[in-house]
Amino acid sequence: MGEQMRIVVTGVSGRMGRMLVETIAASDRAVLSGALERSGHDWIGRDLGMAMGGVQSGVVVSDDAAKVFAAADVVIDFTAPAATIAFAEAAAAAGVAHVIGTTGMTDAEIAQLEGPARQTVLVRAGNMSLGVNLLVQLTKRVAAALDDDYDIEIVEAHHNKKVDAPSGTALMLGEAAAEGRGVALADVSDRARDGITGARERGRIGFTAIRGGDIVGEHDVMFAAAGERITLRHVASDRSVFARGALKAALWTRGKTPGAYDMRDVLGLAEQ
């Protein structure tokens, strides 16, 4: 077995940050080498283990990305778009790989990752789970097999603290469906319906977002025609599936050439 990969976790006090710390701690292939939080956060300067209510870990929470990245191989980042762009630039400057699970990024923000991706390995996905990425591939295949007689609707549900809608995963599924049909999602997307909207337009891809309670993540892709419906469904009942996928992506980056990748590359599904 090779040397353990040194991993930095950003936004370490958040739900995903904590889950990532626990997932890395349970792995014999990786070690947590650094932890980042925003400037002014109560955890800055504290031992991470103590801050999380446990025993001393030897990792001090920092707000200095350049310093922390200098002693790392890869950074796993589930934060916010502006922070992710800054981390991408810092990771590229330090020559460390960057795994991004941040959602809610606009096309313009995603475009700002192109520069860093020319300098280092950058893996970005709206969802890191194996099951979801298989669902994406299935969605593309089914959409390619069925014509516009089948309306496509994507329904997603998440906890009441999620700030973006539709979810990054729902958009991944929409992109897959649009690709299967040979169209651009931006040209056929219906994001909201309210009031007298008229009949559903043929060929459109609809999105519905549900927010409530502590729902981890549920996604349905429905193909509905006269007389029948086909529904592809994925339910995440534990946030650890995303952390395990992110760790898999981090381990995959070793030895890869600089460039922009996604979970299809990590899972060997890119050409399928």
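**Reading pockets, cores and a sheet**

Modeller: In this predicted model, the lining of the second largest pocket receives at least two residues each from α1 (15-25), α4 (81-94), α8 and β10 (217-225).

Colleague: How much space lies in the second largest pocket, and which residues are closest to its centre?

Modeller: Rolling a probe the size of a water molecule over the atoms shows where empty space is left. In the second largest pocket that space comes to about 860 Å³, and of the 37 residues that line it, Met16, Phe78, Thr79, Gly101 and Thr103 are the closest to the centre. By class, this lining divides into 12 nonpolar, 18 polar and seven charged residues.

Colleague: What is the volume of the largest pocket, and which residues lie nearest its centre?

Modeller: The largest pocket has a volume of about 1,000 Å³, and 37 residues line it, with Ile110, Arg124, Leu171, Met172 and Glu175 nearest the centre. Among the elements that give two or more residues to this lining are α5 (107-111), α6 (114-117), β6 (121-124), α7 (130-145) and α8 (168-181), and others in that group are α9 (185-188), β12 (259-261) and α11 (263-266).

Colleague: Which element gives the largest share of that lining, and how do its residues divide by class?

Modeller: The largest share, six residues, comes from α8, while the lining of the largest pocket as a whole has 17 nonpolar, 10 polar and 10 charged residues. Helix α8 also supplies at least two residues of the lining of the second largest pocket.

Colleague: Turning to the interior, which members of the largest nonpolar core touch the most other members?

Modeller: The largest nonpolar core has 39 residues, of which Ile7, Val12, Leu20, Leu48, Ile76, Val99 and Val123 touch the most other members; helix α10 (residues 240-252) gives the most to this core, with eight residues. Leaving aside neighbours within four places in sequence, Val99 is in contact with residues including Val74, Ile76, Val123, Met128, Ala246 and Ala250. Apart from this core lies another, of 23 residues, among them Ile152, Leu185, Ile205 and Phe223.

Colleague: In what order do the five strands of the open sheet run, and which are the edge strands?

Modeller: The five strands form an open sheet in the order β8-β9-β7-β10-β11, with mixed pairing; its edge strands are β8 (189-190) and β11 (228-236), each of which pairs on one side only. At the β8 edge, β8 and β9 (residues 205-211) pair in the parallel sense over two bridges, and Asp190 stands opposite Gly206 in β9.

Conventions: Residues are numbered from 1 along each chain as its sequence is written. This is a predicted model: local features need pLDDT of at least 70, side-chain atom pairs count only at pLDDT 80 or more; totals for chains, interfaces and linings use all residues. Side-chain values use heavy atoms; hydrogens and water are left out. On a 1 Å grid over the protein atoms alone, a cavity is a set of points where a 1.4 Å probe fits but cannot get out, and a pocket is an open set with protein on both sides within 12 Å along at least five of seven lines; lining residues have an atom within 4 Å of a point. Grid points are joined across faces, edges and corners, and a volume is the space filled by probe spheres set on the points. Helices (H or I, at least four residues) and strands (E, at least two) are DSSP runs, numbered from the N terminus. Ala, Val, Leu, Ile, Met, Phe, Trp, Tyr, Cys and Pro count as nonpolar, Asp, Glu, Lys and Arg as charged, and the others, Gly among them, as polar. A nonpolar core is a set of buried Ala, Val, Leu, Ile, Met, Phe, Trp, Tyr and Cys residues joined through side-chain atoms within 4.5 Å. Buried means under 20% relative accessible area, exposed over 50%, partly exposed in between (1.4 Å probe, protein chains only). Contact means heavy atoms within 4.5 Å. Two strands pair if DSSP finds at least two bridges between them.
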